[in-house]
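Please walk through the fold of this chain, starting from its interior and working outward to the sheet and the helices.

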Amino acid sequence: MKVILDCNIWISFLIGHQASLMQRILTDSRIDVLTCEELLNEIQEVSERPKIRSHVSDEELEEFFRIIYAFGKMVNITTNSEAAIRDPKDLYLMSLAESTEADYIVSGDADLLELKQHKLTKMISLAELKTML
């Protein structure tokens, strides 16, 4: 199963120190966790905010990115989605989903979850992914 974890899920893992759940998802042989340059850039930008940095050390942040690079499957976006979504900065996620024919985008973003599906990709919450594991 091909899964895209939205930035808010990654940040939740980072500040919630949910290492065991993140490890479970990243090491599950049934799951390919897809990432792209745009997603990694967003994670980097959000993780540098003072509100986030007050919860994590430099070492934790470095280890977090090492884990993403080690276990995530880096792919290139080859499609420019024209999905009708409220937040245009999330268009890259739709483009990533289309480019990879991802099965799921896992998000905590109500705007994305409200879509329920984009082409072949279903929008699900982290809780829904947990029940699938």
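Which residues have the most contacts inside the largest nonpolar core? The model is a predicted one, and in it this core has 44 residues, with Leu5, Trp10, Phe13, Ile43 and Phe64 having the most contacts inside it. Helix H1 gives the most to the core, contributing six residues. Phe13 shows how such a residue is surrounded: once its neighbours within four places in sequence are left aside, Phe13 is in contact with Leu5, Gln18, Leu21, Met22, Ile25, Phe64 and Leu126. Leu5 and Phe64 thus appear in that list of contacts and also among the core residues with the most contacts.

The sheet comes next. Six strands make up an open sheet, in the order E3-E2-E1-E4-E6-E5, and their pairing is mixed. The edges are taken by strand E3 (73-74) and strand E5 (117-118); each has a single partner strand, so one side of each is left without a neighbour in the sheet. Strands of a sheet pair through backbone hydrogen bonds, in either a parallel or an antiparallel sense.

Strand E1 has partners on both sides in the order given. With strand E4 (residues 104-106), strand E1 (residues 2-5) runs parallel and is joined by three bridges. With E2, the pairing of E1 is also in the parallel sense, over three bridges. Residue by residue, Val3 stands opposite Tyr104 in E4, while Lys2 stands opposite Asp32 in E2. Ile4 has a bridge partner in each of these strands: Leu34 in E2 and Ile105 in E4. Further out, E2 and E3 run parallel and are joined by two bridges; Thr35 has Met74 in E3 as its bridge partner.

Two helices can be placed against this sheet. Helix H6 (residues 91-100) lies across E1, E2, E4, E5 and strand E6 (121-124), and runs at about 165° to E1. Helix H1 is the one that gives the most residues to the core. Gly16 has its place in H1, and at 39% relative accessibility it counts as partly exposed, because that value lies between the 20% limit for buried and the 50% limit for exposed. From Gly16 to Pro88 the separation is 72 residues in sequence and 27 Å in space, C-alpha to C-alpha.

Helix H5 (residues 58-71) has 14 residues and reaches 20 Å from its first C-alpha to its last, close to the 20 Å expected at 1.5 Å a residue. Which residues of H5 are buried? They are Leu61, Phe64, Phe65 and Ile68. Seen down the axis of H5, these buried residues fall within an arc of 90°, so they line one face of the helix. An α-helix has 3.6 residues a turn, so residues three or four places apart point the same way. The face of H5 turned away from its buried side carries the exposed residues Glu59 and Ala70. The cover over the buried residues of H5 includes H1, helix H2 (19-27), E2, helix H3 (37-47) and helix H4 (50-53). Phe64 is therefore one of the buried residues of H5 as well as one of the residues with the most contacts inside the core.

Methods. Residues numbered from 1 in each chain as written. Predicted model: local features only at pLDDT ≥ 70, side-chain atom pairs only at ≥ 80, totals over all residues. Heavy atoms only, no water. Pairing = 2+ DSSP bridges. Helix = DSSP H or I, 4+ residues; strand = E, 2+ residues; numbered from the N terminus. Contact = heavy atoms within 4.5 Å. Axes fitted to C-alpha atoms, helices over the stretch in contact; angles between N-to-C directions. Core = buried A, V, L, I, M, F, W, Y, C linked by side-chain atoms within 4.5 Å. Buried < 20%, exposed > 50% of the residue type's maximum accessible area, 1.4 Å probe, protein only. Expected span 1.5 Å × (residues − 1). Arc of directions from axis to C-beta.
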